[in-house]
Amino acid sequence: MHTKTIAELAAGLRAGEFSSEELTRALLDRIGRLDPQLNAFITVTTEPALAQARAADRRRAAGESGALTGVPIAHKDIFCTLGVRTSCGSRILDNFIAPYDATVVEKCQAAGLVMLGKTNMDEFAMGSSTETSYYGPTRNPWDLNAVPGGSSGGSAAAVAARLVPGATGTDTGGSIRQPASLCGVTGLKPTYGRVSRWGMIAYASSLDQGGAFGRTAEDVALLLQVMAGFDPRDSTSADQPVPDYGATLNDPLEGLKIGLPREYFGEGLDPQVAGVIEESLAGYRRLGAELVEISLPNAGLAIPSYYVIAPAECSSNLARFDGVRYGYRCENPRDLLDLYTRSRGEGFGAEVKRRIMIGTYALSAGYYDAYYLKAQQIRRLISQDFRAALAQVDVIMGPTSPTVAFNLGEKVDDPVTMYLSDIYTIAVNLAGLPGMSIPVGFADGRPVGLQSIGNYFAEAKLLNVAHRYQQVSDWHRRLPPVD
Amino acid sequence: MSLGSAEVAKIAHLARLAIGAADITSYARNLSSILELVAQMNAVDTTGVEPLAHPLEMAQRLRPDEVSERDRRERFQAIAPSVEAGLYLVPQVIE
């Protein structure tokens, strides 16, 4: 059962081939057997999962089931789950039992999806390898010495290892697309505002966006259908209709114009990764697409401006973790200042502290114009580059990440080198556009992902473009060696 | 752009983060290398470019000034480190 896609599992449940309880037990067993080596989960919610599965079976028996009733998924541990620990990968929230459900969690539950647990992640979603988690690193199912990418590395690894058919994630600078690429699964970061941020622990609020992982574009379309939509509780939620993502999956690609930014194929791109990407683009040409060279002249400024904007927003967002109302509190505080500084100093890990300090510095008196204002001006230039490019082409394509998965420990002590892993994904968040990664081959036995970037609210187009490729390739069906 | 130990200690204080004396140098080194990366922004002239704060340039929605949340003090305080009589406890602030 574990090798079936969400679409196949939903069909099996509908046809009565197995119950949700049987399916849920089978996957929980698999998690119990394989997760000790992967560490993809922070919390496995065995009892609530079985209760949800039995409820789904009852709904089906009563004729009240929807398209995905009884299908198991996992949530990144950044989404608040009522009564279940929501740690965000941090010691400071290790004892935090969320008092409410995130909108995304609520919507998934309403659709009858069964939550198997909460997946591992870089602390507060700050990282590209899942190594900054308080709960230890997740390992890549394709090679246990390799990182799964990050920050949503637990979700990507769990889907790749067939522990769950789908999972949620969040993407602030590449945190869905880059781990999808490194683990050989399909991942979509929707347009900023498409999926509600309510109950999703904030890192950088003008960039954060929830999305989904699956093995196929069809599965991601099914999950996005459940997750997307206007939410009055999120002040930046987009009040835009949600299309039927399944309806256009099979649209032909004849005449599709694909833009290839020359800045995404230059220095820094691993030659083997480049070769795999070229082959996948040839596949698109055979599907009838036209490839056009384009330019995103300010692409090189994306990482520098991101590492002002994201830290500035995080220094403000993470001020709420003060040891007073919830979360970790230090032992025997001498006074209020000691309580704040030691609770935060002991509760946050090194990378989170680095980013809070960079943000605090950039926003401090006398530096605002040189850093934050400058970064926001560059953000506009980057956004204008994309608007100009997307006026000429339907989608933009290139590698998701410049290399395949790197080894554990390889970059963790050198933050700037780690940041470069997101060189092709970060600009998309600055512009607020939707982006997707699909598996298109291997280099050195590790997966390579192809990124596609679409216009605002063009998720249906990206899913269609990915689905057509998956109809003529089998990279997404390859099984990693864990078992 | 390079930060010294004294500057790092000052930033840590502003951010309310206790950083051990032994770690200050490594933070100074890492933060300096991040600021060096950030300094690449200076290569482009942005005179007259309007800053972009929201990717879709949407205005914040307003709502009527009405109570929309129920009182859930008990549920919220059940996860607090220290409470008494419905109040959050911290070390004494005023003598």
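**Exercise 1. Describe the fold of chain A in this predicted model: which secondary structure elements does it have, and how does its radius of gyration compare with the globule rule?**

Step 1. Count the elements. Chain A comes to 15 helices and 11 strands.

Step 2. Compare the radius of gyration with the rule. Chain A has a value of 21 Å, and the globule rule gives 23 Å for 483 residues. The two are close, so chain A is as compact as a globular protein of that length.

Step 3. Add the extents. Along its principal axes, the C-alpha trace of chain A spans about 65 × 55 × 45 Å.

**Exercise 2. What share of chain A is buried, and what share of its contacts join residues at least 24 apart?**

Step 1. Take burial. Of the 483 residues in chain A, 63% are buried.

Step 2. Take contacts between residues at least 6 apart in sequence. In chain A, 77% of these join residues at least 24 apart.

**Exercise 3. Place A39(B): where is it found, and why does it count as partly exposed?**

Step 1. Locate the residue. A39(B) lies in the loop between helix 2 (24–38) and helix 3 (73–77) of chain B.

Step 2. Count neighbours. A39(B) has 13 C-beta neighbours inside 10 Å, so it counts as partly exposed. The cut-offs are 12 or fewer for exposed and 20 or more for buried.

Step 3. Look along the chain. A39(B) and A78(B) are 39 residues apart, and their C-alpha atoms are separated by 46 Å.

**Exercise 4. Where in chain B is confidence lowest, and where is it highest?**

Step 1. Start with the average. Chain B has a mean pLDDT of 93, and 99% of the residues score at least 70.

Step 2. Compare helices. Confidence is lowest in helix 3 of chain B, at a mean of 94, and highest in helix 1 (residues 5–14), at 97.

Step 3. Finish with the whole model. It scores ipTM 0.96 and pTM 0.98.

Key:
Residues are numbered from 1 along each chain as its sequence is written. Chains are lettered from A and ligands numbered from 1 in the order in which they are written. This is a predicted model: local features need pLDDT of at least 70, side-chain atom pairs count only at pLDDT 80 or more; totals for chains, interfaces and linings use all residues. Helices (H or I, at least four residues) and strands (E, at least two) are DSSP runs, numbered from the N terminus. The radius of gyration is taken over C-alpha atoms; the globule rule is 2.2 Å times the number of residues to the power 0.38. Two residues are in contact if their C-beta atoms, placed from the backbone, lie within 7 Å. pLDDT is the predictor's confidence in each residue, from 0 to 100.
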